[in-house]
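Work through the following exercises with the sequence and the model at hand. Each task is followed by a solution in steps.

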Amino acid sequence: MSLTDLTTTTNKNFTTTTANMKILMVCLGNICRSPLAEGIMQYLSDAQELGWQIDSAGTGSWHVGEGPDRRSVRTARNHGIDISKQVCRQFRRHDFNDFDHILVMDMYNLSDVLYMAPDEESAAKVKLLLGNREVPDPYYDDSQFEPVFELIELGCKDFIKEHLL
Ligand code: 4NP
């Protein structure tokens, strides 16, 4: 399925329950996977006029203030999505207040974020983007950026389908 398949479907079943939803995408460095996830989900949301606001963050602080990894920028651009203006930031406890959903890429992210959750309501916002499997870290393997894009795209489309009644 291409990126446009979902964007051209009618949004007649869209209800106010999901209007203005805020979603945070989280990975380790916030330079490879979660910037792609932010870009893809924002693109799909905008195309379907869902009114969702998407952001991303990393559990680590190494790359704070930097733009996304150039391999992620290039891969997104190949699919018509510009993520070059994003700026890396670290996940913070206040994100539990600011977002309705916190979607993480792998089990390390899941445990790091859950460890910071102040209460059950906050913890309930945190889920693997893919539900029951991980988005692998492509940082050390150039060939993995395209498959990672496709995995994230699938996860975003499934999430949207789940939240359109
Ligand atoms: P990401 O990938 O978590 O998908 O952004 C990584 C980027 C950088 C590092 C690790 C993972 N790092 O160790 O610098």
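**Exercise 1.** Determine which residue takes a positive phi just after helix 3, and which residues of helix 3 are buried.

*Solution.* Just after helix 3, G80 takes a positive phi of about 85°. Helices (H or I, at least four residues) and strands (E, at least two) are DSSP runs, numbered from the N terminus. This is a predicted model: local features need pLDDT of at least 70, side-chain atom pairs count only at pLDDT 80 or more, and totals for chains, interfaces and linings use all residues. Residues are numbered from 1 along each chain as its sequence is written.

Next, apply the burial criterion: a residue is buried if 20 or more other C-beta atoms lie within 10 Å of its own, exposed if 12 or fewer, and partly exposed in between, with C-beta atoms placed from the backbone. In helix 3 the buried residues are R71, S72, V73, T75 and A76. Their cover includes helix 2 and helix 7.

**Exercise 2.** Explain why S72 counts as buried, and find what it touches.

*Solution.* S72 is located in helix 3. It counts as buried because it has 25 C-beta neighbours inside 10 Å. Two residues are in contact if their C-beta atoms, placed from the backbone, lie within 7 Å. Setting aside residues up to four places away in sequence, S72 touches I31, C32, P35, L36, I83 and F145. Of these partners, take L36: 36 residues separate it from S72 in sequence, while the C-alpha to C-alpha distance is 6.5 Å.

**Exercise 3.** Establish the order of the strands in the sheet and identify its edges.

*Solution.* Begin with the inventory: the protein has 7 helices and 4 strands, and from the N terminus on its elements run α-β-α-β-α-α-β-α-α-β-α. Two strands pair if DSSP finds at least two bridges between them. The 4 strands form an open sheet with parallel pairing, in the order 2-1-3-4. Strand 2 and strand 4 (126-128) are the edges; each has a single partner strand, so one side of each lacks a neighbour in the sheet. From one strand to the next, the twist averages 25°.

Then follow the pairings. Strand 1 and strand 3 run parallel and are joined by 4 bridges; I23 has H101 in strand 3 as its bridge partner, and M25 stands opposite L103 in strand 3. Strand 3 pairs with strand 4 in the parallel sense over 3 bridges, with L103 opposite K127 in strand 4.

**Exercise 4.** Identify which residues touch the most other members of the largest nonpolar core, and which elements supply it.

*Solution.* A nonpolar core is a set of buried Ala, Val, Leu, Ile, Met, Phe, Trp, Tyr and Cys residues joined through C-beta atoms within 7 Å. The largest one has 41 residues, of which V26, A37, I40 and I152 touch the most other members. At least two residues each come from strand 1 (22-27), helix 2 (33-47), strand 2 (53-58), helix 3 (70-78), strand 3 (101-104) and helix 7 (145-163). Helix 7 gives the most, with 8 residues. Finally, examine I40: apart from its neighbours within four places in sequence, it is in contact with I81, I152, E153 and C156.

Technical notes:
Axes fitted to C-alpha atoms, helices over the stretch in contact; angles between N-to-C directions.
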